[in-house]
Amino acid sequence: NLKGVDIRAEIDRLRKERNAVILAHYYQKPEIQDIADFVGDSLDLSRKAQATDADVIAFCGVRFMAETAKILSPQKTVILPDMDAGCSLEDSCPPEQFAAFRAQHPDAIALTYINCSAAVKALSDVIVTSSSAEKILSQIPKDQPIIFGPDRNLGGYLARKTGRDLILWPGVCIVHEAFSETELLKLKAQHPTAPIVAHPECPAVILDHADYVGSTRGILEYAMAMPGDTLIVATEPHIIHQMEKALPNKTFIGAPGADGNCNCNICPYMALNTMEKLYVALRDLSPRIEMEEDLRLKAKKSLDAMLAMAS
Ligand code: 13P
Ligand code: SF4
């Protein structure tokens, strides 16, 4: 029973007492973003997790992100406010099926999106994030066959952008799949001069209308530099919190789903984390990410390759 507990003050007290760092993704609730020591995209969060000298990492994001932190910083205690914070891309790619997919393409290397389980990372050669994928792909010889999973939208985008022939795993992000082209065009008609920014997890029909495609950090940087006063944002709408904080006089509109508003594009996994659960996790040092050392070392290889190639 948390009645009467000053959650914000308790989180502050506990983070000092435990020498904890709070890392948050841009898709977290505003109050979590505001209390975090660092807010970032997947690549920046993994770099922070690796570099921190804190004893505890409180990871406010989804499970694969907290797992990544544990893989890179095994001596640290990594807690996740809600262990059920998964990801539809991870769910779409069970390790046994991914291993069979690899076996069907014995000459191909596996370039894999970070949104997957540690077991799939262990079966991969190089991990990418949306902000590092193009740079990493450009370092792989042109004649090298590549399988790319689990996001077929990001993979398709990379293939179109670079002219590479990628063998795609058929996974999708349920959040970015939910944008409606018809509703987006209606919104654009109401704001004809507003640029559209989109995350590459969106399907091609949405990306085709975007003035800028990039990771959450890339999208924020675009917003910070844009000359106009209105922006249409086709990614998880909690990122708009950072835009409104930095640019209170500008207007940011979440791209709509089929029902005409952007609420259906809230990530249900990210939304499982709350301030109350963050407080309890810091108090109890649980739920905690644990991983077998053998699996960790195998998964670390592909993550280390990413960090080296992305730098
Ligand atoms: P980035 O923050 O790396 O752009 O990734 C977004 C995402 O889908 C996280 O689930
Ligand atoms: Fe996974 Fe999509 Fe949620 Fe990101 S937004 S965590 S890709 S379900």
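**Exercise 1. Helix α16**

Task: In this predicted model, determine how the span of helix α16 (residues 293–310) stands against the expected value, and find where α16 is kinked.

Solution.
1. Helix α16 holds 18 residues.
2. The expected span is 1.5 Å times one less than the number of residues, which gives 26 Å for α16.
3. From its first C-alpha to its last, α16 reaches 25 Å, close to that expectation.
4. The helix still has a kink of about 25 degrees, and Lys-301 is at its centre.

**Exercise 2. The packed side of α16**

Task: List the buried residues of α16 and state which elements they pack against.

Solution.
1. A residue counts as buried when 20 or more other C-beta atoms lie within 10 Å of its own.
2. In α16, Ala-299, Ser-302, Leu-303 and Met-306 are buried.
3. The helices that these buried residues pack against are α4 (63–72), α7 (118–122) and α8 (133–137).
4. The strands are β5 (109–113) and β6 (126–128).

**Exercise 3. Three annotated cysteines**

Task: Which residues does UniProt list under "binding site", and how far apart are they in space?

Solution.
1. The unreviewed UniProt entry lists Cys-87, Cys-173 and Cys-267.
2. They are spread over 181 residues of sequence, yet they cluster in space, with a largest C-alpha distance of 9.3 Å.
3. Cys-87, Cys-173 and Cys-267 are also among the closest residues to ligand 2, together with Ser-88 and Val-175.

**Exercise 4. Surroundings of Cys-173 and Cys-267**

Task: Decide whether Cys-173 is buried or exposed, do likewise for Cys-267, and place each residue in the fold.

Solution.
1. Cys-173 is in the loop between β8 (166–168) and α10.
2. Cys-173 is buried because 24 other C-beta atoms lie within 10 Å.
3. Beyond its neighbours within four places in sequence, Cys-173 is in contact with Ser-88, Leu-89, Asp-151 and Glu-201.
4. Cys-267 is in the loop between β12 (251–254) and α15 (275–284).
5. Cys-267 has 22 C-beta neighbours inside 10 Å, so Cys-267 counts as buried.
6. With residues up to four places away in sequence left out, Cys-267 touches Tyr-27, Val-175 and Glu-236.

**Exercise 5. The two ligand shells**

Task: Give the class composition of the shell around ligand 2 and of the shell around ligand 1.

Solution.
1. Ligand 2 is surrounded by 14 residues: 10 nonpolar, two polar and two charged.
2. Helices α5 (88–91) and α10 (174–177) each supply at least two residues of that shell.
3. The residues around ligand 1 include Asp-41, Asn-115, His-199, Glu-201 and Thr-216.
4. By class, the ligand 1 shell has one nonpolar, eight polar and two charged residues.
5. Glu-201 belongs to the shell of ligand 1 and is also a contact of Cys-173.

**Exercise 6. Backbone in the loop between α15 and α16**

Task: Which peptide bond leading to Pro-287 is cis, and what is the phi of Leu-285?

Solution.
1. Pro-287 is in the loop between α15 and α16, and Leu-285 is placed there too.
2. The bond from Ser-286 to Pro-287 is cis, with omega near 0 degrees.
3. Leu-285 is not a glycine, but its phi is positive, about 50 degrees.
4. Leu-285 counts as partly exposed, because it has 16 C-beta neighbours inside 10 Å.
5. Another cis bond runs from Gly-149 to Pro-150, with omega near -10 degrees; Pro-150 is in the loop between β7 (146–149) and α9 (152–162).

Technical notes
Residues are numbered from 1 along each chain as its sequence is written. Chains are lettered from A and ligands numbered from 1 in the order in which they are written. This is a predicted model: local features need pLDDT of at least 70, side-chain atom pairs count only at pLDDT 80 or more; totals for chains, interfaces and linings use all residues. A residue is near a molecule or strand if its C-beta atom, placed from the backbone, lies within 6 Å of it. Helices (H or I, at least four residues) and strands (E, at least two) are DSSP runs, numbered from the N terminus. Ala, Val, Leu, Ile, Met, Phe, Trp, Tyr, Cys and Pro count as nonpolar, Asp, Glu, Lys and Arg as charged, and the others, Gly among them, as polar. UniProt positions are given in the numbering used here, feature names are shortened, and annotations may be inferred rather than shown by experiment. A residue is buried if 20 or more other C-beta atoms lie within 10 Å of its own, exposed if 12 or fewer, and partly exposed in between; C-beta atoms are placed from the backbone. Two residues are in contact if their C-beta atoms, placed from the backbone, lie within 7 Å. The bend at a residue is the angle between axes fitted to the seven residues ending there and the seven starting there.
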